[in-house]
Amino acid sequence: MDRIRIVGGNKLNGTIPISGAKNAALPLMIASLLTDETLILDNVPRLADVAQLQRILGNHGLDIMSKGKRPGDHEYQGQTLHISAANIIDTTAPYELVSKMRASFWVIAPLLARMHVAKVSLPGGCAIGTRPVDLLIMALEKLGAELQIDGGYVIAKAPGGLTGAEIDFPKVTVSGTHVALMAATLAKGTTVITNAACEPEIVDVADCLNKMGAKISGAGTPRIEIEGVKKLHGARHTVLPDRIEAGTYAMAVAMTGGDVQLAGARPELLQSALDVLTEAGATITPNNEGIRVTRNGAGISPVKVTTAPFPGFPTDLQAQLMALMACAKGSSHITETIFENRFMHVQELARFGARISLDGETAIIEGIAKLRGAPVMATDLRASVSLVIAALAAEGETTVNRVYHLDRGFERLEEKLSACGATIERISG
Ligand code: EPZ
């Protein structure tokens with residue numbers, strides 16, 4: 001099992017290219033099931049989760065060709081996938097595949113919309129919470145599907161196809177919004193989704209679906225209207241840049257000090273995080289090529305932050321911010337409102353000497369001058385990168401174990417950081 005070795009203390013200076021967004025690439029790949037023509041996706045990140053979803057889609061009979069870099073592409077150009085769901089040979093998504101990558105459960109929407117039948121394993125929980133899918137099931141039932149749970153699988157059918165409906169989500173859910181949106185594109189009649197998630201990844205998927213012939217308006221707002229169509233056609237779409245990756249590296253620079261250009265980052269996708277970083281003492285300068293992040297000697301100021309659905313502070317940057325606040329000059333509060341168990345990184349950060357206490361869903365972080373390197377364990381995708389951030393500024397050596405969590409969501413992390421002066425290497429084994 002690979003691990004990453006870091007010797008802390010170096011500032012970060014240089015350029016970090018931002019890859020395509022994992023949380024857009026996954027639903028975009030799933031959307032290819034909605035048409036029998038080819039969907040071409042550019043700037044797809046090279047991530048373990050993307051590879052796992054390719055296996056799952058292959059199991060349904062999809063033909064996926066990935067082209068390498070084209071002449072003239074810059075170093076980190078993402079991959080281009082040509083995905084064709086001309087012949088769906090199997091409408092079952094098995095437990096052994098779905099349990100490895102929860103978002104693959106979302107294939108239930110296009111399978112029902114196009115094939116009128118689906119048998120998809122319940123994804124099960126994960127480290128950060130129980131991750132129920134009750135709202136996804138509610139949305140599909142509103143669209144006329146009949147669903148039952150048997151043997152750990154959701155068995156769904158819509159004999160006459162799906163029918164447009166009013167879907168009101170009692171709480172904001174990204175997965176619920178993706179599922180309702182994809183299913184509604186081929187439903188008979190009009191669907192209106194209210195209290196919809198407004199994340200940029202929802203907008204990216206809606207833009208792609210409209211290129212495929214869907215009739216969607218209001219994506220990015222709490223009210224989305226979809227006029228069902230008979231068929232969707234092929235299209236070509238570029239995955240938007242990853243706001244969580246950009247925010248993560250911005251926090252890393254704020255932690256170590258230095259001056260880094262986040263190439264390809266779009267500030268409007270992570271404005272709330274950039275505002276918090278400015279309050280913490282970083283200098284954020286958007287420019288034509290992306291976002292420049294600097295932090296020199298002034299030190300890190302404490303902040304009080306509560307996670308919230310977009311455009312609020314993203315839960316996927318909560319662990320990274322906590323690492324940064326471990327070295328702030330004072331006491332910070334971080335409140336997690338999206339997931340019920342997303343503080344596993346607290347115990348691992350404590351191994352660096354961080355002083356963090358928990359009061360319900362709020363973490364209180366008493367900043368200290370210096371962290372000290374230690375062997376630590378990654379527990380989930382975003383928690384693992386918070387340990388890297390801490391290690392980059394800690395005195396001495398850190399080994400981060402179980403880095404397969406990192407590989408799920410951060411493309412070439414050690415290459416991108418060592419190119420900016422970090423002492424970081426992957427040790428295979
Ligand atoms: C997406 O997860 C992201 N994953 C998560 O990123 C992200 O943290 C989350 O949205 C919130 O922004 C992908 O896009 C692949 P939700 P998702 O449905 O869709 C509850 C990462 O690190 N809920 O918005 O699963 C749920 O338990 C990952 O890249 C129900 O109760 O999140 C949670 O408390 C981690 N019933 C809240 O809603 C449901 O049917 C938000 O979940 C669905 C969700």
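1. A quick word on terms before we start: the domain bounds used here come from an automatic or database domain assignment. On that basis the protein chain splits into domain 1, made of 3-18 + 241-427, and domain 2, covering 22-237. Do keep in mind that this is a predicted model.

2. How do the two domains sit against each other? Their C-alpha centres are 30 Å apart. Contact between them involves 24 residues from domain 1 and 18 residues from domain 2. Together they bury about 1900 Å², and carbon and sulfur atoms account for 54% of that area. If you want names to look at on the domain 1 side, try F310, R408 and E411: these supply 29% of the area that domain 1 buries against domain 2, more than any other three residues.

3. Now for the polar side of that interface. Three salt bridges run between domain 1 and domain 2. One to pull up on screen is E411 with R46, where the closest N and O atoms are 3.6 Å apart. There are also seven residue pairs in polar contact between the two domains, counting pairs with both residues at pLDDT 80 or more.

4. Which elements give two or more residues to the face of domain 1 that touches domain 2? They are helix 12 (381-393), helix 13 (404-409) and helix 14 (413-418). Helix 13 gives the most, with three residues. Sorted by class, that side of domain 1 has 13 charged residues, eight nonpolar and three polar.

5. Helix 12 deserves its own look. Of its 13 residues, 13 are buried, so "mostly covered" is a fair label, given that buried means under 20% relative accessible area. At the start of this helix, a side-chain oxygen of D380 comes to within 3.3 Å of the backbone nitrogen of R382.

6. Helix 9 spans residues 271-279, and its buried residues are S272, A273, L274, V276 and L277. For a general reminder when you look along a helix: an α-helix has 3.6 residues a turn, so residues three or four places apart point the same way. The cover over the buried residues of helix 9 includes helix 8 (243-256), strand 16 (283-287), strand 17 (290-295), strand 18 (304-306) and helix 10. After helix 9 comes G281, which has a positive phi, near 115°.

7. If you're eyeing cysteines, have a look at C327. You'll find C327 in the loop between helix 10 (318-325) and strand 19 (331-335). Is C327 buried or exposed? C327 counts as buried because its relative accessibility is 16%, and the cut-off for buried is under 20%. Leaving out residues up to four places away in sequence, C327 touches M255, I300, G367, I368, A369 and L371. T194, on the other hand, is 133 residues from C327 in sequence and 41 Å from it in space, C-alpha to C-alpha.

8. Last one: A214, in the loop between helix 7 (200-211) and strand 12 (215-217). With a relative accessible area of 8%, A214 is buried. What does A214 touch, not counting residues up to four places away in sequence? The answer is T185, L209, V229 and L232. I226 is twelve residues from A214 along the chain, and their C-alpha atoms are separated by 7.8 Å.

Definitions and conventions. Residues are numbered from 1 along each chain as its sequence is written. This is a predicted model: local features need pLDDT of at least 70, side-chain atom pairs count only at pLDDT 80 or more; totals for chains, interfaces and linings use all residues. Side-chain values use heavy atoms; hydrogens and water are left out. Contact means heavy atoms within 4.5 Å. Buried area is the accessible area (1.4 Å probe) that two parts lose on being put together, summed over both. A salt bridge is a side-chain nitrogen of Lys or Arg within 4 Å of a carboxyl oxygen of Asp or Glu. A polar contact is a pair of N or O atoms within 3.5 Å; within protein, one must be able to donate a hydrogen and the other to accept it, and residues adjacent in sequence count only if both atoms are side-chain atoms. Helices (H or I, at least four residues) and strands (E, at least two) are DSSP runs, numbered from the N terminus. Ala, Val, Leu, Ile, Met, Phe, Trp, Tyr, Cys and Pro count as nonpolar, Asp, Glu, Lys and Arg as charged, and the others, Gly among them, as polar. Buried means under 20% relative accessible area, exposed over 50%, partly exposed in between (1.4 Å probe, protein chains only).
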